[in-house]
Amino acid sequence: MQRAVRALLGSRWPLLGMAGALAAVVVAIIVAATGGSLAQAALALLLGLTLIGLVVVGSSAREAEQRARKTEKQLKSLADSVASVATSVQAVEARQNDPSGGPLAAIIGAQRLDAAVRHDELVALHEGLRADLHATLTEQQLAELSALANLYAMLGADDEVPAFGGFAASPQTVLRLASLVRRLPADALIVECGSGSSTVWLALACRKAGKGRVVALEHHELYAGRTREALARHGLGDVAEVRAAPLEPVTVGGEKHDWYAAPQWTDLRGIDLLFVDGPPGSVGPRSRYPAFPLLATALDDGAVVALDDAQRPDEADIAADWLAEAVDGVRLADDDLVGRTRFFTATR
Ligand SMILES: C[S@@+](CC[C@H](N)C(=O)[O-])C[C@H]1O[C@@H](n2cnc3c(N)ncnc32)[C@H](O)[C@@H]1O
């Protein structure tokens, strides 16, 4: 019935209601003006007012219905959003549980690849920079050059000296040895294991200082001869002596070694400076180890011991052993590292 009335009236019902109300009021006025029944006039007026009331209530109800529909629509949209978020959460959970890592792993993989490419670019850049740097001098080369200039200024050399480089001790090492000579006693004894350019420079330092003498042990006749020639060129034969000392088997610290033949060094006493630069590593492992155990008792109190090539594993090992052991009450204390040479001081 309500639907039928709504269908009949459609959206025109407020207009029709107001028109009916107006008609009822007009009827009430006419009845009253023509002297008709007062009850009839009041009834018509009441009908008019009722129609106005119905139009007002109907309009309010319609507005409320429209608001309810809008709210319902918003609720539905909210529910759709919640459902969509839930779906996304489920999808993320599914990706996290995917053993292959899913699309997230693909993204991370792509980023890793990008990082690897950047890494390669940086390595190439670094290599380029290094190559540029090497075109100039490294810190180490500069230090050696400066030591060389210092050495020539200090000692001069008016004839050819065996070259630095290769088997020879570095200028930094020789400079330190030469400057130590100036502080040694007047009758200082300097012993060298392995002869060469260092022998000549040490002898030049002794002559300049006016004190000390050098004894170099050399296992190789060829190099013994060359060093002697160099010493003779400089007129240093009275300051330095090269002793040809073939290597012979010796057992020290429970280890077998080949070291300089004993007759060439057993007479040496009161050594103030011992430079251990031989025998070469090609002779055998830890080839320089016997120097301290065998010559310890010949060292003066406060003598300086220098071990070259201290950066090599064998020599690092030897230095550690020397520092740990006492030979007839003689011990070594660690001093400086100069270039690649480690210096020690002997105490009794
Ligand atoms: C490290 S070198 C000693 C170098 C020396 N103290 C100097 O600073 O000039 C040790 C031994 O290597 C040998 N030696 C020297 N020059 C060599 C060379 N050019 N090739 C192969 N052996 C060499 C010698 O027998 C030397 O006693």
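The chain splits into three domains in this predicted model. Domain 1 runs over residues 2-88, domain 2 takes in 101-135, and domain 3 spans 141-347. Going by C-alpha atoms, the centres of domain 1 and domain 3 sit 121 Å apart.

Next comes the ligand. The ligand is found in the largest pocket, with 15 residues around it. Ala169, Ser197, Ser198, Glu218 and Asp277 are the closest of these. Sorted by character, the shell around the ligand comes out as seven polar, five nonpolar and three charged residues.

Several polar contacts can be picked out at the ligand. Two of them involve backbone N or O atoms: one from glycine 194, which lies 3.0 Å from a ligand nitrogen, and one from serine 197, at 2.8 Å from a ligand oxygen. Serine 197 thus turns up both in this backbone contact and among the closest residues of the shell. Tyrosine 223 brings in its side chain instead, with an N or O atom there placed 3.0 Å from a nitrogen of the ligand. As for cover, the ligand on its own has 580 Å² of accessible area, and the protein covers 81% of that.

Apart from the pocket, there is the matter of enclosed space. Searching the whole structure for cavities of 30 Å³ or more turns up just one. The largest cavity holds about 40 Å³ of space. Its lining is made up of Met154, Leu155, Ala178, Arg182, Ala205, Lys208 and Ala209, and these positions fall within the 141-347 bounds of domain 3.

Terms used:
Residues numbered from 1 in each chain as written. Predicted model: local features only at pLDDT ≥ 70, side-chain atom pairs only at ≥ 80, totals over all residues. Heavy atoms only, no water. Domains from an automatic or database assignment. Near = heavy atom within 4 Å. Polar contact = N/O pair within 3.5 Å; in protein donor to acceptor, adjacent residues only side chain to side chain. Areas by Shrake-Rupley, 256 points an atom, 1.4 Å probe, with all protein chains shown as cover. 1 Å grid on protein atoms, 1.4 Å probe; cavity = no way out; pocket = protein on both sides within 12 Å on 5 of 7 lines; lining within 4 Å. Sits in = over half its atoms within 2 Å of the grid points. Nonpolar A, V, L, I, M, F, W, Y, C, P; charged D, E, K, R; others polar. Points joined across faces, edges and corners; volume = space filled by probe spheres on them.
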